[in-house]
Amino acid sequence: MSTKEVCIQMYRQNYITDAIISVDFITGEFNVEESLPIDIKKICVENYPIVEIKKANSVNVEIKDISTSTPKVERTEHTEWNFWNTERKKRLVITSNCLFVQFKKYEDFEDLKKGFLQVLKAILKKYSNIQVNRLGLRYIDKIIIQENSKASSQHNFWKKFINKYLIGGLNFIEEDGA
């Protein structure tokens, strides 16, 4: 069952507004500071035809011993390859350290996965020794509550919006007077 079908079954409205899928690479073999290989760029442009190359900054803070050492702060500039769809609602970003796809109007996991995996497979084919450090998937929900509702902070109020089978973490919230 697709994400869209689950949302239709469980909710009258899909509250997921954004979705981000990412992979972080261990730095080394994959370097796109000066150029992006043509075969990888071609796959990116198929789904994301608007290309923007920009310089971005990263900050790395290293603390070896919090009680005795001063944090080591390292700032670096890197190239960021941004690919957008024509509506600018979907963005693919490639740097020497990561690949991520962000949907500003999320509808379906299959579409998100497809755009991500096509590019990741092309990178892994070209750079067979590349190592992955982290894989991430993040959903951003936006639930708008009427401000005049006095119960907006109570556990029972949220039961109307959050299906208990999709999220179990709210069980730790105690009801007032408990």
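In this predicted model, D24 counts as partly exposed, with a relative accessibility of 21%, a value just above the 20% under which a residue would be called buried. The side chain of D24 meets that of R134 in a salt bridge, with 3.0 Å from N to O. Because D24 lies in strand β1 (residues 16-25) and R134 in strand β6 (residues 132-141), the pair ties together parts of the chain that are 110 residues apart in sequence. R134 is likewise partly exposed, at 42% relative accessibility.

The count of salt bridges comes to six. Side chains of opposite charge can pair when their charged atoms come close. One of these pairs is formed by D111 and K90, whose closest N and O atoms are 2.5 Å apart. This pair also links distant parts of the chain, since D111 belongs to helix α3 (residues 109-126) and K90 to strand β4 (residues 90-94), with the two positions 21 residues apart in the numbering. D111 is partly exposed, with a relative accessible area of 34%, and K90 is partly exposed as well, with a relative accessible area of 22%.

Another salt bridge joins the side chains of K113 and E110, at 3.6 Å from N to O. Here both partners lie in helix α3, three residues apart, which is about one turn of the helix. For K113 the relative accessibility is 30%, and the residue counts as partly exposed; E110 is also partly exposed, with a relative accessible area of 45%.

Turning to the interior, the largest nonpolar core holds 27 residues, of which I40, L92, I94, L99 and I123 touch the most other members. At least two residues of this core are supplied by each of β1, α2 (38-47), β3, β4, β5 (98-103) and α3, and the largest share, six residues, comes from α3. The surroundings of L99 can be described in detail: when residues up to four places away in sequence are not counted, L99 touches I21, S22, V23, F25, L92, V93, I94, F116, V119, L120 and I123. Three of the names in that list, L92, I94 and I123, are also given among the core residues that touch the most other members.

As for the cysteines, C44 is buried, with a relative accessible area of 0%, and C98 is buried too, with a relative accessible area of 14%. A disulfide is a covalent bond between the sulfur atoms of two cysteines. The structure holds zero disulfides.

On the surface, V59, V61, I63, I66 and V73 make a nonpolar patch of about 490 Å². One of its members, I63, is placed in the loop between β2 (50-62) and β3 (72-84), and this residue is partly exposed, with a relative accessible area of 46%. V59, another member of the patch, is touched by E74, which also touches S58 and N60 when residues up to four places away in sequence are not counted. E74 itself is in strand β3 and, at 39% relative accessibility, counts as partly exposed. Although E74 and S58 are 16 residues apart along the chain, their C-alpha atoms are separated by 8.2 Å.

Notes. Residues are numbered from 1 along each chain as its sequence is written. This is a predicted model: local features need pLDDT of at least 70, side-chain atom pairs count only at pLDDT 80 or more; totals for chains, interfaces and linings use all residues. Side-chain values use heavy atoms; hydrogens and water are left out. Patches are made of residues with over 30% relative accessible area and no salt bridge: like charges are joined within 9 Å, nonpolar side chains (Val, Leu, Ile, Met, Phe, Trp, Tyr) within 5 Å. Accessible areas come from the Shrake-Rupley method with a 1.4 Å probe; for residues, only the protein chains shown count as cover. A salt bridge is a side-chain nitrogen of Lys or Arg within 4 Å of a carboxyl oxygen of Asp or Glu. Helices (H or I, at least four residues) and strands (E, at least two) are DSSP runs, numbered from the N terminus. Buried means under 20% relative accessible area, exposed over 50%, partly exposed in between (1.4 Å probe, protein chains only). A disulfide is a pair of cysteine sulfur atoms within 2.5 Å. A nonpolar core is a set of buried Ala, Val, Leu, Ile, Met, Phe, Trp, Tyr and Cys residues joined through side-chain atoms within 4.5 Å. Contact means heavy atoms within 4.5 Å.
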